[in-house]
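Please look over the sequence and the 3D structure shown here before reading on.

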Amino acid sequence: MGNPNLLVIGGGMSPPMQAALEQKFTIHQLAKQADEQAWLAANGADMTYVLTDGHWGVRPDVMKHLPSIEVISCYGVGYDNIDAADCAGRGIVVTHTPNVLNAEVANTALMLWLATSRRLVRDDRLVRSGKWPEGNAALTHSIDDRKVGILGLGRIGEELARRLAVFNADISYHSRNKKPDVAYRYYDSLLDMARDVDVFFCITPGGAATHHLVNRDVMDALGPDGTLINVGRGTVVDEVELVKALQDGRLGNAGLDVFEKEPQVPAALFEMDQVTLLPHVGSATVETRAAMGNLAVENLTQFLANKTVISPVPECQGM
Ligand code: NAP
Ligand code: 8YV
């Protein structure tokens, strides 16, 4: 019997991952097929393993061609583009890469906040443009001693909160459940938290349950001096309302690593000095991506060896 067929979706397979995987699997890369749908119709039923990433997931038009799948390994912790509940119901194990990226994403969130509040991009542009001799940069606001609210005090959110202590931040959080083991102030109302803080970090998963949680009311509550930093998912923030709130000055500043329709970004944001934009690079360092790659590969190879995995998504725990 030959090696099992592994379908690779998206661009998450690095050369080291490929080298490890081709020892044990026959690899088929969907993006290399001239006609993906025709290829899936002809070959999808032979695929038993999937490697994908958080961006691509396994969308319904792909999933319908994969009746024999046993395990889906997601390179990334967010798996909002995989219907994990449906997979669990069909006996398909879905895995992801939690924890190994906590520090990196927390660092990115901090970087975005610092860059936004201290106008890093604006002032860098001033120097590069040669216009500094025409006048000094306008003053910015300190990042010390701020009231900070975290939407989603999970693995990454807690790592972020630990780092915020260095800036003497007064930390609050909102999530569906109060955490018994943390001393930070809990808000059961997202709106109340937004009213009370200066800086608002969003680090929840995407998907239907969090869609547009950060809406016009939340932005208005954060207010003209408030700062929104989003490193969770673009879908959590109502992007149309975000652009309007920034244009009207109803919301002060925004630092964004994620967007509703990546890689498309509203052009209205490009000219705004009060905004810092990143192309979804929260975990994108050599070190962290290698750790994510190892875990994504190990989930597949361990399943092949003994039908268990290291890091199943919550819906698939205990399968
Ligand atoms: P996690 O440990 O599962 O934490 C998620 C947090 O969000 C929990 O505190 C959870 O608390 C809260 N939450 C979930 N649904 C909610 C809802 N409907 N309303 C309010 N709070 C809700 O996840 P993580 O490992 O920290 O990762 C969080 C997310 O970050 C990922 O899912 C991914 O989307 C994103 N991410 C982005 C990047 C990037 O490159 N920008 C990198 C990694 C991760 P409750 O369950 O109590 O509500
Ligand atoms: C990855 C992420 O860039 O882990 C996540 O949820 O958003 C990022 O770490 C993404 O999964 C790769 O597409």
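The paragraphs that follow turn to the ligand, then to a pocket, and at the end to one serine.

This is a predicted model, and a good place to begin is ligand 1, which is surrounded by 26 residues. Among these, the closest are Arg-155, Ile-156, Arg-176, Asn-177 and Asp-257. Several backbone atoms of the protein come into polar contact with the ligand: a polar backbone atom of Ile-156 is 2.9 Å from an oxygen atom of ligand 1, while a backbone N or O atom of Arg-176 lies 2.8 Å from an oxygen atom of ligand 1. A nitrogen atom of ligand 1, in turn, is 3.0 Å from a backbone N or O atom of Val-231. Of the 920 Å² that ligand 1 exposes when taken alone, the protein buries 87%. In the shell around ligand 1 there are 11 nonpolar and 11 polar residues, together with 4 charged ones.

The second largest pocket holds about 310 Å³ of space. It is lined by 17 residues, of which Ser-117, His-141, Asp-225, Thr-227 and Asn-253 are the closest to its centre. The lining of the second largest pocket is made up of 5 nonpolar, 7 polar and 5 charged residues.

Last comes Ser-73, a residue of strand S4, which spans residues 71-75. Is Ser-73 buried or exposed? Ser-73 counts as buried because its relative accessible area is 0%, and buried means under 20%. A polar atom of the side chain of Ser-73 lies 2.8 Å from the backbone oxygen of Ala-296.

Conventions. Residues numbered from 1 in each chain as written. Chains lettered and ligands numbered in written order. Predicted model: local features only at pLDDT ≥ 70, side-chain atom pairs only at ≥ 80, totals over all residues. Heavy atoms only, no water. Near = heavy atom within 4 Å. Polar contact = N/O pair within 3.5 Å; in protein donor to acceptor, adjacent residues only side chain to side chain. Areas by Shrake-Rupley, 256 points an atom, 1.4 Å probe, with all protein chains shown as cover. Nonpolar A, V, L, I, M, F, W, Y, C, P; charged D, E, K, R; others polar. 1 Å grid on protein atoms, 1.4 Å probe; cavity = no way out; pocket = protein on both sides within 12 Å on 5 of 7 lines; lining within 4 Å. Points joined across faces, edges and corners; volume = space filled by probe spheres on them. Helix = DSSP H or I, 4+ residues; strand = E, 2+ residues; numbered from the N terminus. Buried < 20%, exposed > 50% of the residue type's maximum accessible area, 1.4 Å probe, protein only.
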